[in-house]
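Work through the following exercises with the sequence and the model at hand. Each task is followed by a solution in steps.

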Amino acid sequence: MSQFAYLFERFPSFGQTFCYREVAELDRQGVAPPIFGIRSPKDEPPQDWDMRIVERVHYLPDEKDLLEDARHASKKRKLNPEIVAALEEWGRRTDFLRLYQAVYVGVRLREMGIRHVHAHFAGMAARTAFWINEFFRISFSFTAHANDIFAPRNFEIGLDKLVEGARAIVTETDYAAQFLRERFADRADRVHRIYNGLDLGGFDRAHFSSTPPLIVAVGRLIPKKGFSDLIRACSLLAERGKSFQCEIIGEGPLEDELRARIDRLGLQGRVVLSGAKPQSQIRRRLSAANVFVLASVIDADGGMDNLPTVIMEAMATGLPVVSTDVGGIPEMVIQNETGFLVQPGDVESMADAIQKVISEQSLAATLGQAGYHCAQALFSIEKNVRELYALIK
């Protein structure tokens, strides 16, 4: 019997492959905690998920059935008077469903004898875990990622209360850990930096033989990923007469805007938005590339990247990386060693860095090799998941 359970807002999800990898690696190590998903993933591109893991996910019912489940639990005397009073007092205030989700999951965790729950993101799942702890004295921890700590949304159970109530707070970079320790100094000892991990053996090595040179970028088509800046950098490369192809893999709300920019700059056929792809296809495109680029910026709400998984994947492939000095990215992309860093929004410097890498294959290979060794040292999923398990079990 596992000593803890997972609680996700949505699992497994194309945009959160790091969560799936964590669960899959625990499974490989012989640890199979119960998994609760508040929402079932919908309309996502097909992925290479292990169906044994997917079938373990217990998805929570919708609002009507949640409320009925709580009423039934109350009649069966599974809820103490304090829980019932809290549900009545909260009523239909903002985020009221988190309390009912906590009842649903908490009753089942108590029946299973589980005394700890771990959530990902300081969001819906962590707020539900907060109430599980309040109602059932089942401790909780959460992994904080990026926007959930750098630009948190305003909820009554906000980041401050989550940090106050959690047994442990995990985050992915030294940058984010320091951010949290400074903001919540009285809880600094609860903050732990554990890098996300990769199965490094699952990546083919880059061969740098694409003609013309291939630039690959991967990510949600959202403002903080800076794809508009990458397209503008490609326009500068084209003006300089450089031969290249650029493929941007991903989907998101900015797709039409980015396509219009590509057309406006006359980059049709040179810059391609290829949509979302399964991980197996992303790995193949990375191994075919000459450079990986992520032009991350800080968006209007303060949201920014922390430890982009796609950079880790590029490094595991042995690709040089061109990115920006945002969040924890400099902990991976070391200037002139594993790639090049530019300031967010500095399109000309980005074009210069890309040009240097695609023009000098020996330099690209040297940077990529250093990145590969860095990935081996920092991002072994076996080591990092074992460290997480020791913390939350």
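**Exercise 1.** State the volume of the second largest cavity, name the residues that line it, and sort the lining by class.

Solution. The model is a predicted one. Step one: the second largest cavity has about 30 Å³ of volume. Step two: its lining consists of D229, A295, T324, V342, Q343, P344, G345, D346, V347 and M350. Step three: sorted by class, this lining holds five nonpolar, three polar and two charged residues. The two charged residues are D229 and D346.

**Exercise 2.** Count the cavities of 30 Å³ or more, then describe the largest cavity and its lining.

Solution. Step one: there are two cavities of 30 Å³ or more. Step two: the largest cavity encloses about 120 Å³. Step three: 13 residues line the largest cavity, and E22, I194, Y195, N196 and L388 are nearest its centre. Step four: α1 and α16 (381-392) are the elements that contribute two or more residues to this lining, and α16 has the largest share, with four residues. Step five: by class, the lining of the largest cavity comprises seven nonpolar residues, five polar and one charged.

**Exercise 3.** Which helix gives the most residues to the lining of the second largest pocket, and how is that lining divided by class?

Solution. Step one: the volume of the second largest pocket is about 430 Å³. Step two: 16 residues line this pocket, and those closest to its centre are Y20, R21, A24, D199 and R283. Step three: α1 (17-28) and α12 (279-288) each provide at least two lining residues. With six residues, α1 gives the most. Step four: the lining of the second largest pocket is made up of six nonpolar, four polar and six charged residues.

**Exercise 4.** Give the strand order of the seven-stranded open sheet, and explain why β3 and β7 each have one side without a neighbour.

Solution. Step one: the order is β3-β2-β1-β4-β5-β6-β7, and the pairing is parallel. Step two: β3 (57-59) and β7 (191-193) are the edge strands and have a single partner each, so one side of each lacks a neighbour in the sheet. Step three: on average, neighbouring strands are turned by 25 degrees against each other, direction ignored.

**Exercise 5.** Describe the pairing of β5 with β6 and place helix α9 relative to the sheet.

Solution. Step one: β5 (residues 139-144) and β6 (residues 168-171) pair in the parallel sense over four bridges. Step two: A144 has T171 of β6 as its bridge partner. Step three: α9 (residues 174-183) lies across β6 and β7, and runs at about 170 degrees to β7.

Key. Residues are numbered from 1 along each chain as its sequence is written. This is a predicted model: local features need pLDDT of at least 70, side-chain atom pairs count only at pLDDT 80 or more; totals for chains, interfaces and linings use all residues. Side-chain values use heavy atoms; hydrogens and water are left out. Two strands pair if DSSP finds at least two bridges between them. Axes are lines fitted to C-alpha atoms, for helices over the stretch in contact, and angles run from 0 to 180 degrees between N-to-C directions. Contact means heavy atoms within 4.5 Å. On a 1 Å grid over the protein atoms alone, a cavity is a set of points where a 1.4 Å probe fits but cannot get out, and a pocket is an open set with protein on both sides within 12 Å along at least five of seven lines; lining residues have an atom within 4 Å of a point. Grid points are joined across faces, edges and corners, and a volume is the space filled by probe spheres set on the points.
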